[in-house]
Amino acid sequence: MATTATRRHLLALVTLSSAMSALTSCVPPEATAQQPHMEAALGHLQSAYAELQKATHNKGGHRVNAMGLIQNAIAEVQRGIAAGS
């Protein structure tokens, strides 16, 4: 049975995943089409995040920290794409 902390953790992950999806939908398609390397980097970061979501949770907090860093990187790449268009 999941503990309260685990449930909160899962809820936070679902919330962050939803926020990430909302952020990626804010980048207009014409902006990404002109920046194939930035678009590729964004896709790789999103894939890495998805893989970490699937990983087991007993990583001493490092998995969650990595997920937060990836979310920051995703946001930076999205801002870079927006600035470059």
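The questions and answers below go through a predicted model of a single chain.

Reader: How many helices and strands does the chain have?
Author: Read along the sequence, this predicted chain follows the pattern α-α-α-α. That pattern fits the count of secondary-structure elements, which is 4 helices and 0 strands.

Reader: Which helix gives the largest share of the largest nonpolar core?
Author: The largest nonpolar core has 7 residues in all, namely Leu-42, Tyr-49, Met-67, Ile-70, Ile-74, Val-77 and Ile-81. At least two residues of this core come from each of α3, which covers 36–54, and α4, which covers 62–84. The largest share, 5 residues, is supplied by α4.

Reader: Does the end-to-end distance of α4 agree or disagree with its number of residues, and what is that distance?
Author: Helix α4 has 23 residues, and at 1.5 Å a residue these should span 33 Å. The C-alpha atoms at the ends of α4 agree with this expectation, for they are 32 Å apart.

Reader: Which residues of α4 are buried?
Author: To count as buried, a residue must have under 20% relative accessible area, and across the chain of 85 residues the buried ones make up 20%. Ala-73, although its place is in helix α4, has a relative accessible area of 25% and is therefore partly exposed. The buried residues of α4 are Arg-63, Met-67, Ile-70, Gln-71, Ile-74, Ala-75, Val-77, Gln-78 and Ile-81.

Reader: Which residues does Ile-70 touch, not counting residues up to four places away in sequence?
Author: Ile-70 is one of the buried residues of α4, and it also belongs to the largest nonpolar core. Once residues up to four places away in sequence are set aside, the residues that Ile-70 touches are Leu-45, Ala-48, Tyr-49 and Leu-52.

Reader: How many Å apart in space are Ala-48 and Ile-70, C-alpha to C-alpha?
Author: Ala-48 is found in helix α3 and, at 33% relative accessibility, counts as partly exposed. Ala-48 is among the residues that Ile-70 touches, although the two are 22 residues apart in sequence. From C-alpha to C-alpha, Ala-48 and Ile-70 are separated by 7.8 Å.

Reader: What distance separates the C-alpha atoms of Ala-73 and Leu-45?
Author: Ala-73 lies in helix α4, while Leu-45 is one of the residues touched by Ile-70. Along the chain Ala-73 and Leu-45 are 28 residues apart, yet the separation of their C-alpha atoms is 7.5 Å.

Reader: Which residue forms a salt bridge with Lys-54?
Author: The structure holds 2 salt bridges, and in the one that involves Lys-54 the closest N and O atoms are 3.6 Å apart. Lys-54 counts as exposed, because its relative accessibility is 64%. Its partner sits 3 residues away in helix α3, so that about one helical turn separates the two, and that partner is Glu-51.

Reader: Why are Arg-79 and Glu-76 separated by about one helical turn, and what is the N to O distance of their salt bridge?
Author: Arg-79 and Glu-76 are 3 residues apart in helix α4, and therefore about one helical turn lies between them. An α-helix has 3.6 residues a turn, so residues three or four places apart point the same way. Arg-79 is partly exposed, with a relative accessible area of 48%, and Glu-76 is partly exposed, with a relative accessible area of 48%. Their side chains meet in a salt bridge whose N to O distance is 2.5 Å.

Notes. Residues are numbered from 1 along each chain as its sequence is written. This is a predicted model: local features need pLDDT of at least 70, side-chain atom pairs count only at pLDDT 80 or more; totals for chains, interfaces and linings use all residues. Side-chain values use heavy atoms; hydrogens and water are left out. A nonpolar core is a set of buried Ala, Val, Leu, Ile, Met, Phe, Trp, Tyr and Cys residues joined through side-chain atoms within 4.5 Å. Buried means under 20% relative accessible area, exposed over 50%, partly exposed in between (1.4 Å probe, protein chains only). Contact means heavy atoms within 4.5 Å. The expected span of a helix is 1.5 Å times one less than its number of residues. A salt bridge is a side-chain nitrogen of Lys or Arg within 4 Å of a carboxyl oxygen of Asp or Glu.
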